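Reader: Hey, got a minute to go through this one with me? I'd like to start with the smaller picture and work outwards.

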Amino acid sequence: MEKPNGLRCRECGRHYEAAPLHVCEFCFGPLEVDYRYDALKGVVTRKSIEAGPPSMWRYKQLLPIDGDVAVGHHVGFTPLIRAQNLADELGCREIWVKNDSVCHPTWSFKDRVVSVAVTKAREFGFDTVACASTGNLANSVAAHAAEGRLKSYIFIPADLEQGKVLATLVYDPTLVAVHGTYDEVNRLCSEIADKYRWAFVNVNFRPYYSEGSKSYGFEIVEQLGWKTPGHIVVPCAGGSLITKIWKAMKELKTLGLIDDVRTRMYAAQALGCGPIVTMIKNDTDQLVPVRPSTIAKSLAIGNPADGYYAYKVAKDSGGSGEHTTDEEIVEGMLLLARTEGIFTETAGGVTVAAAKKLIERGVIPRDESIVICITGNGLKTPDCLQDRLDAHVKIKPSLSAFDQALADLKSQPS
Amino acid sequence: MPVLVRIPTPLRALTKGSAEIQGKGETVDSLIGDLERQYPGLKDRLLDESGELRRFINIYVNQEDIRFLQAKKTALKDGDEVSIVPAIAGG
């Protein structure tokens, strides 16, 4: 296959050889993988992709892997579900849920980025991988490092949900809980990455890592029958996913696999940590960092590295964004579970709630196709539901006790 | 007022490979002026044509993002630690 042409600065265009580098030495702009699209045209086709494995690796030629896939062979190709019950509830014609709450192996879309980053770490000869994480990335790096027999150092904010801590520790990494916000953890990791020769998936491996997210966008298009939807609502933390879904659709267009991309992109964030949506609402490309305060901890990044680009995607596509309160987040989780039988984490609650508000405000028209991006699993963040969900019936093991309980239930106002 | 300045890898070619250097200044802005005198070329890498901090650079004074303080006007005192950190992804 055609290897990518090294890296390229997204801002000034300067070229770099393929290396574990993430920042342009000259303008500090982020580096991106530079593909040879001309050579891929006619080689990567709908047919060649459809003949691939039922995983994200059916798009391997559009991912920055030179050799064989080292870890995460079964990541991706998650269900795209026609969510008619949710559509009926919201008064819409066509809603789809792209369900990465069941992504293999750690139940979030982060498996897509990590399998690329860890494979790349092996290609570059690293024996240790690391990350700063709000939880999902921690789970995924620890799992894929275990599979790849690499050492791993995982840095998290000390107040992370217990479910996410356990679902990291089980893979036997070195877990470092830092007393501080994610942004503080991230800054620390940037300095650690400068000092130790580790593959920090979200620091020096960012150009490769972030490309994995494109597979989420490719899948949406392929699963819709090689069509782009009218609207995509995406949860935003660092802001990378929304830019990579957009890039994925543009790449498919460049390769001639689809027609023009007319999709409008929408950023979903919590009110307690919504700097990207604030940019969109204020129509400014200047990001003002915030101190996060939200139950959606996986989205609690107050200083998103890709905030500027996420804002640009929403704006350039004709989309928008929406903030959601903690109450709305829980309501969003419950709404998706109640209508579609999908249990998503708080970040998914943010996305569902934001989509609902955008539809109710008339920003997203009810008669066009809408994709809601569900990126993580609800079993990781049950804490926020504890107070809401205790209405089960407790009885003795007798039929009469059940009869009585049933009668009581029916007599209660619903 | 000497302060300790941490230099990220992309800028170390300008500081002869040093990861930590000493600088002087009443504010972050005047510190950048001092760094430019010591290591010519550094200022252009930190500030854009209009003199604003480049979009993808974060500066911290004692671990605090200067955008939460007084940005480039943030005051410095003896012994402060200033970190220059490129924006990084996450999640």
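Reader: What pattern does chain B follow along the sequence?

Author: Read from the start, chain B goes β-β-α-α-β-β-β. That's two helices and five strands, where helices (H or I, at least four residues) and strands (E, at least two) are DSSP runs numbered from the N terminus. Chain B has a radius of gyration of 12 Å, close to the 12 Å from the globule rule for 91 residues, so it is as compact as a globular protein of that length. The radius is taken over C-alpha atoms, and the rule is 2.2 Å times the number of residues to the power 0.38.

Reader: Before I go on, what am I looking at, and how's the numbering done?

Author: This is a predicted model: local features need pLDDT of at least 70, side-chain atom pairs count only at pLDDT 80 or more, and totals for chains, interfaces and linings use all residues. Residues are numbered from 1 along each chain as its sequence is written, while chains are lettered from A and ligands numbered from 1 in the order in which they are written.

Reader: OK. In what order do the strands of chain B sit in the sheet?

Author: The order is 2-1-5-3-4, in an open sheet with mixed pairing. Two strands pair if DSSP finds at least two bridges between them. At the edges are strand 2 (20-24) and strand 4 (64-65) of chain B, each pairing on one side only.

Reader: And in what sense do strand 1 and strand 5 of chain B pair?

Author: Parallel, over three bridges, with strand 1 covering residues 2-6 and strand 5 residues 81-86 of chain B. B:Arg6 stands opposite B:Ser83 in strand 5 of chain B. Helix 1 (residues 28-38) of chain B packs on the sheet and touches strand 1, strand 2, strand 3 and strand 5 of chain B. The direction of helix 1 makes about 115 degrees with that of strand 2 of chain B. Axes here are lines fitted to C-alpha atoms, for helices over the stretch in contact, and angles run from 0 to 180 degrees between N-to-C directions.

Reader: Switching to chain A. How many helices and strands there?

Author: Chain A has 15 helices and 13 strands. Its radius of gyration is 21 Å, close to the 22 Å that the globule rule gives for 414 residues, so chain A is as compact as a globular protein of that length. The C-alpha trace of chain A spans about 75 × 45 × 45 Å along its principal axes.

Reader: How much of each chain is buried?

Author: In chain A, 55% of the 414 residues count as buried. For chain B, buried residues make up 37% of the 91. Buried means 20 or more other C-beta atoms within 10 Å of the residue's own, exposed means 12 or fewer, and partly exposed is in between, with C-beta atoms placed from the backbone.

Reader: So how many residues of chain A touch chain B?

Author: There are 34 residues of chain A in contact with 24 residues of chain B, a contact being two residues whose C-beta atoms, placed from the backbone, lie within 7 Å. Helix 5 (136-148) and helix 7 (182-195) of chain A each supply at least two residues of that side of chain A. The largest share, seven residues, comes from helix 7 of chain A.

Reader: Which strands of chain B does helix 7 of chain A lie across?

Author: Strand 1, strand 3 (57-61) and strand 5 of chain B, and helix 7 of chain A runs at about 85 degrees to strand 5 of chain B.

Reader: New topic: which residues of helix 6 of chain A are buried?

Author: A:Lys164, A:Ala167 and A:Thr168 are buried in helix 6 (residues 162-169) of chain A. They cover an arc of only 105 degrees around the axis, which puts them on the same side of helix 6 of chain A; the arc is that of the directions from the helix axis to the C-beta atoms. On the other side of helix 6 of chain A, A:Gln162 and A:Leu166 are exposed. The cover over the buried residues of helix 6 includes helix 5, strand 7 (151-157) and strand 8 (174-178) of chain A.

Reader: Last one: what joins A:His104 and A:Pro105?

Author: A cis peptide bond, with omega about 5 degrees. A:Pro105 sits in the loop between strand 5 (94-99) and helix 4 (110-123) of chain A.
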